[in-house]
Amino acid sequence: MALPLAPALPRHRAPSAVTVSAAAIAANTALLREHCRTPLMAVVKADGFGLGAEAVARAALAGGASELGVATCDEALALRTAGISAPILVWMLHAGAPLGEAIRDDITLSCASVRMLELVVAAAEEAGIRARVELEVETGMHRSGCAVADWGALCAAARKAEHDGHVQVVGVWTHFGGTDDDPAVFAEPLARLESAWSAAHGAGLRPRRRHAASSLAAVVSPAARLDLVRVGAALFGIEPVPSRGLGLATAARWETTVVQVRDVAAGEAVGYGQQYRTARAGRLALLPVGYADGVPRSAWPGVTVSVNGLRHPLVGAVSMDQCVVDVGGSDVEVGDRVVLVGDAGLGEPSLREWSLILGTIPQEVLTGLGSRVARVVGQEAEA
Ligand SMILES: *Cc1c(COP(=O)(O)O)cnc(C)c1O
């Protein structure tokens, strides 16, 4: 019997597993801290970009992040329940959000409108606790944030709420829409943030800090780093400027095993709709992952995966729970290891490679991993 080419994939109940390298996340955090020389907030929204918020948060804090950022109150409360006591900022408030619980759990709430501030004030009043608040100003992306025209009213309302003992405004911030790596694109939004900062002081508020940069601006624009950088994607090894990489480590490896192989003649159809036919006689390998797991239907044609270290194409329409790889004349057997997403440096398909084929960004590939994919924190993390 031939020796296996690679160590057997650890057995999981789940048909596929993503291994999250806590060491890589900690190393990336440390590298970014060193590069920016500014306090770093680790953004662990959407369950840590799909990898598990608690594990990602712990790794980033170990690597030198001083605080955490998430979109929703529930995400923040889950981190507290997990025993994480680091400062947390939440920036997506909505009616019905558990604001009182968040205030009691010492979570900072960002307000982008008088309406949002009123919700926080009501919750603080009911909890009998002064809520820690930041104010977000909109500086050109026209997504979240308070319009410059409404900023004066928001500051005045916040000042009154401070006076009444319901909130304390500790920060002013914005978010950039620019995706160009030319730092000049951030100049105009930064100038607007500076005016908003001055106006907040003029209104009698005493915020301690202002911040703006997420991964891209943090890396390319020293002027945008201000008092804090809010980093998400780069923690996972997603290079903000791929052509000038910082040397970030790959934090996620998604693997499965071959569950069935089949020898086929030339001209055989594969998958729903018989849209693919084998060009020559060869072997097909079945993988137990489909579009519900994060292999979108648009992965074919285009995506190739690594089977026993060699690249082979996905073929035929991807199903909900399974997909097929044409391994041609390769000697692939049931149980062989398949790397769906790994390290480009090792010749494996990377998040970036998938994203280019799918016409999206690496973040969407990561957050597209489904609930059937096991999340396993890599063993080197325990060393
Ligand atoms: C997602 C997010 C970030 C992090 O962005 P990356 O590009 O992933 O670094 C920072 N700030 C806010 C408000 C965000 O929503």
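Me: A polar contact is a pair of N or O atoms within 3.5 Å (within protein, one must be able to donate a hydrogen and the other to accept it, and residues adjacent in sequence count only if both atoms are side-chain atoms). What makes K45 a polar contact of the ligand?

Reply: This is a predicted model, where local features need pLDDT of at least 70 and side-chain atom pairs count only at pLDDT 80 or more, while totals for chains, interfaces and linings use all residues. Residues are numbered from 1 along each chain as its sequence is written, and side-chain values use heavy atoms, with hydrogens and water left out. A polar side-chain atom of K45 lies 2.7 Å from an oxygen atom of the ligand, so the pair meets the 3.5 Å limit.

Me: Why do W91 and G232 count too?

Reply: For W91, a polar side-chain atom is 3.5 Å from a ligand oxygen atom. G232 uses a backbone N or O atom, at 2.8 Å from an oxygen atom of the ligand. Both therefore count. The protein covers 88% of the 390 Å² of accessible area (Shrake-Rupley, 1.4 Å probe) that the ligand has on its own.

Me: Which residues are around the ligand?

Reply: Among them are V43, F49, W173, H175 and R230, where the criterion is a heavy atom within 4 Å.

Me: What makes up the contact between domain 1 and domain 2?

Reply: The assignment, automatic or from a database, gives domain 1 as 22-238 and domain 2 as 252-377. Contact (heavy atoms within 4.5 Å) takes 8 residues from domain 1 and 10 from domain 2. About 780 Å² is buried between them, 75% of it from carbon and sulfur atoms. F49, L51 and I238 lose the most area on the domain 1 side, together 60% of what that side buries.

Definitions and conventions: Buried area is the accessible area (1.4 Å probe) that two parts lose on being put together, summed over both.
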